[in-house]
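This short report looks at how strands are arranged in a sheet and at the empty space enclosed by protein atoms. Please keep the sequence and the structure in view while reading.

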Amino acid sequence: MTEIIVNSESRVFRDSLLKNHGAERLMLCYQCGSCTNDCPVARRIQEFRPRNIARLAMYGQKERLFSKDLLWLCAGCYTCYERCPQQVHVSEIISALRQAAFLEGKIHVTIKNIVSSLPLHGYIMEIGEFENELRQDDGLPPAPEPSLSEISTIMTRTGILARVGGG
Amino acid sequence: MKYAFFVGCTTLGRLPGYEKATRKLCERLGVELIDMLGSSCCGTTYMESLDEVTALSLAARNICIAEEMGLNILTICNGCTETLTKANATLKQDQKQLDEVNKILKEIGREFRGTIEVKHLIRALKEDYGLDKLEKAVTNPYKNLRVATHYGCHLLRPSDVMRFDDPNTPTSMDNIIEATGAISVPYPEKMECCGGPIMGIREDVTWSIGLDKINTVKKHAETLITSCPFCYLTYERAQLMKENKPDLPIIHLPQLLGISLGLSGEDVGLSHNKIDSEFLKTKQGA
């Protein structure tokens, strides 16, 4: 196991995480492992251990948390959220960590593509003429035409569009 | 009963059978569904883990459309249900977040007012339509049909946000299904996630999670009933990709309900199901 090194940088990172909505209770984690026990991903991926993610977060180990695809392997099923006896909610810790990673420009390409699709199509994929013709065959009305300008305005205003490289 | 119908990207673009079955079912039950002009993606369940204000604003924009219609939203995707419910609850409770989101919405001429509710079809049937009434509407009850229910994650979890049914031992979907005469069987790991959200990240893990449930369900039931387009696609694709003979039909809840209410296979879009589900039409009692 790699040694955990605590320094001023790791403390600053940890403290910034604690301010994130939903991650406030991180330091109450007593490493019981209920989260990992019932995690569908942990059962299949050795490196993905919600308990260990909480531990690394408590020690502000940013580099290890941001390495490879670790943070993006969470399926967001909230099973750990329901199980945690301390209401630490590792799923929310992971969400806070993803936000922090994304602030440094780190985001999984699949998720980046989904986000980039929204101002272009209004949906996570293109729903255009082809799809609407198929819909018509089933007697379905055309898909609602999303107001793309409204979506772009929101995403420009919050800055997310520039951050995924779409604006 | 009347709702603003929020179909959701995946169903709109990929699952016409699911949407058709929902519309026909509601028509048969006398539930009016009004399309939400200008609505878009809910914001995706991923968005809150990237940027909370964006997630809240995109969801709120859709909610505003329903508010302007003066109607509660009806959803048929667990992901949309969670995203919209969470934004609705947060903005109704948190003045600071509301101010920030409304400042953004003002630029597009909208305002979140907090006047409506978001309900998944299951919740609407249970809370608004009523199980007794549903049971009375069943004209062609199933006989000896053993089904497994898959609630999925976001219909119930996170439970302090969703505030519906029990996150560990839910009954709402099973009760609805039993109103049709079908038997909802208990099975191990019933509440496990389908694995769909990481399909684009670690596909092998998604298929592994999906097939484990498929193989378990095969021992107990003839079909797996879903209430979410992502779960449906995951269980369908896992079999199509990985099995020589995909043979566990995955059926959308409104398809199962529709047939028991006398709708035809075509009405509920049964031919769209890639794993042959036609057997459903032969499971009625005399």
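## The sheet of chain B

In chain B, four strands (DSSP runs of E, at least two residues, numbered from the N terminus) make up an open sheet with parallel pairing, in the order S2-S1-S3-S4. Strand S2 (32-35) and strand S4 (118-120) of chain B each have a single partner strand, so one side of each is left without a neighbour in the sheet. On average, and with direction ignored, neighbouring strands of this sheet are turned by 40° against each other, where axes are lines fitted to C-alpha atoms and angles between N-to-C directions run from 0 to 180 degrees.

The model is predicted, so local features need pLDDT of at least 70 and side-chain atom pairs 80 or more, while totals for chains, interfaces and linings use all residues. Residues are numbered from 1 along each chain as written, chains are lettered from A and ligands numbered from 1 in written order, and side-chain values use heavy atoms, without hydrogens and water.

Strand S1 (residues 2-6) of chain B runs parallel to S2(B) and is joined to S2(B) by four bridges, where pairing requires at least two DSSP bridges; Lys2(B) has Glu32(B) as its bridge partner in S2(B).

## The largest cavity

The largest cavity (a set of points on a 1 Å grid over the protein atoms alone, where a 1.4 Å probe fits but cannot get out) holds about 210 Å³ of space. Its lining, meaning residues with an atom within 4 Å of a point, comprises 16 residues, and Gly76(A), Tyr78(A), Arg98(A), Thr45(B) and Ser49(B) lie nearest the centre.

How values were computed:
1 Å grid on protein atoms, 1.4 Å probe; cavity = no way out; pocket = protein on both sides within 12 Å on 5 of 7 lines; lining within 4 Å. Points joined across faces, edges and corners; volume = space filled by probe spheres on them.
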